[in-house]
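Subject: A structure for you to explore

Hi there,

Here is the structure I promised to pass on to you. Have a look at it first, and then read on for what turned up in it.

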Amino acid sequence: MPRYRLTVEYDGNGFVGWQRQDNGPSVQSALENAITRLCGESVTVTGAGRTDAGVHARGQVAHFDLVRSFPADTVRDALNHHLRPQAVAVLAAACVPDEFHARFSAMARHYRYRIVCRRAPLTLDRGQAWHVMRALDPSAMDAAARVLEGRHDFTTFRAAECQAKSPVKTLDRLAVAASGDGILVDASARSFLHNQVRSLVGTLKLVGEGRWTAQDVCDALAARDRARCGPVAPPDGLCLMGVDYPEL
């Protein structure tokens, strides 16, 4: 039974998230329906990360098994044909060993959050960035971000409904940089808690506004109290950029 790995890009607007749900269309169900139309098989597609409603991806990774074998390029092109006109595209497909698992084999996940700081409303970037109507200080935000790197108990930055067994995670990278009229926040870790990146970004925005200091962020982290978190950033600006795996 061949196993296929997909690299997937999607616009999260209009989806209830990656995971199949009863309350609306999901990216997972869109892919599964396209596979059924390709070969008539009902399969489960497993993704590297369960992105929330409104969160985008440029490098989501998924895998699935088929009874019948197809060339990888045929899988890519056929799925893209059956996915139209949904905002989902298979960038690449490959045959992989049975031991490959999109979720459990992942060594690192990379997210980027984009903020646009300007008075005028967003047009081309609507639904793709957090619109903030005042200037933020990226240097102060970056300095505060360094406090959050490393292995910590991230209870403060964890959604109440998070199903992870432990709030302890290792944040390999959290960096903030100016980019044009906005700010980019890059986060990398082997795995994240539910809403962790958006919670971190919302807290760092308080620093960018001058309302919090890096010490305030440190104190919030140490408190291990969800009530000490800043506002959770909206999903619009968040994008799963890529996932790292061991060499096959």
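Let's begin with two helices. The axes of α3 (residues 138–148) and α4 (residues 196–208) come within 8 Å and cross at roughly 135°. That angle is neither over 145 degrees, as roughly antiparallel would need, nor within 65 to 115, the range for roughly perpendicular, and the two helices are therefore oblique to each other. The crossing of α3 past α4 is right-handed. On the α3 side, the contact is made by A140, M141, A144, A145 and L148, while α4 brings L200, L204, K205, V207 and G208. Sorted by class, the residues in this contact are eight nonpolar, one polar and one charged. Please keep in mind as you read that this is a predicted model.

Helix α3 has another partner. It packs against α5 at an angle of about 25°, with the axes 9 Å apart. Angles under 35 degrees count as roughly parallel, so that is the description that fits α3 and α5. Here, too, α3 passes its partner in a right-handed crossing. A144, V147 and L148 in α3 meet A214, V217, C218 and L221 in α5. The residues of this contact are seven nonpolar, with no polar and no charged ones.

Now for the helix pair α1 and α2. Helix α1 covers residues 27–39 and helix α2 covers residues 72–83; their axes come within 9 Å and cross at roughly 115°. They are therefore roughly perpendicular to each other, and their crossing is right-handed. From α1, the contact uses A30, L31, A34, I35, R37 and L38, and from α2 it uses A78, L79, H82 and L83. By class, that makes eight nonpolar, one polar and one charged residues.

Which residues touch the most other members of the largest nonpolar core? This core has 71 residues, and the answer is L6, L31, F64, I115, L148, L174 and L204. The largest share of the core, seven residues, comes from α1. If you would like one residue to follow on screen, try L31: leaving out residues up to four places away in sequence, it touches L6, V8, W18, V45, L83, V88 and V90.

The loops have some nice details as well. G230 is found in the loop between α5 (214–223) and β10 (238–244). Is G230 buried or exposed? Its relative accessible area is 9%, and buried means under 20%, so G230 is buried. Apart from neighbours within four places in sequence, G230 is in contact with T203, L206 and W212. G230 and A220 are ten residues apart in sequence, and their C-alpha atoms are 8.9 Å apart in space.

R224 lies in that loop between α5 and β10 too. Its phi is near 50°, a positive value in a residue other than glycine. With 54% relative accessibility, R224 counts as exposed. N195, in the loop between β9 (182–189) and α4, also has a positive phi, near 70°, without being a glycine. N195 is buried, with a relative accessible area of 16%.

One last thing to look up is a peptide bond: the one from R84 to P85 is cis, with omega near 5°. You will find P85 in the loop between α2 and β4 (88–96).

Enjoy exploring!

Best wishes

Methods
Residues numbered from 1 in each chain as written. Predicted model: local features only at pLDDT ≥ 70, side-chain atom pairs only at ≥ 80, totals over all residues. Heavy atoms only, no water. Axes fitted to C-alpha atoms, helices over the stretch in contact; angles between N-to-C directions. Helix = DSSP H or I, 4+ residues; strand = E, 2+ residues; numbered from the N terminus. Left-handed = near helix turned anticlockwise from the far one by under 90°. Contact = heavy atoms within 4.5 Å. Nonpolar A, V, L, I, M, F, W, Y, C, P; charged D, E, K, R; others polar. Core = buried A, V, L, I, M, F, W, Y, C linked by side-chain atoms within 4.5 Å. Buried < 20%, exposed > 50% of the residue type's maximum accessible area, 1.4 Å probe, protein only.
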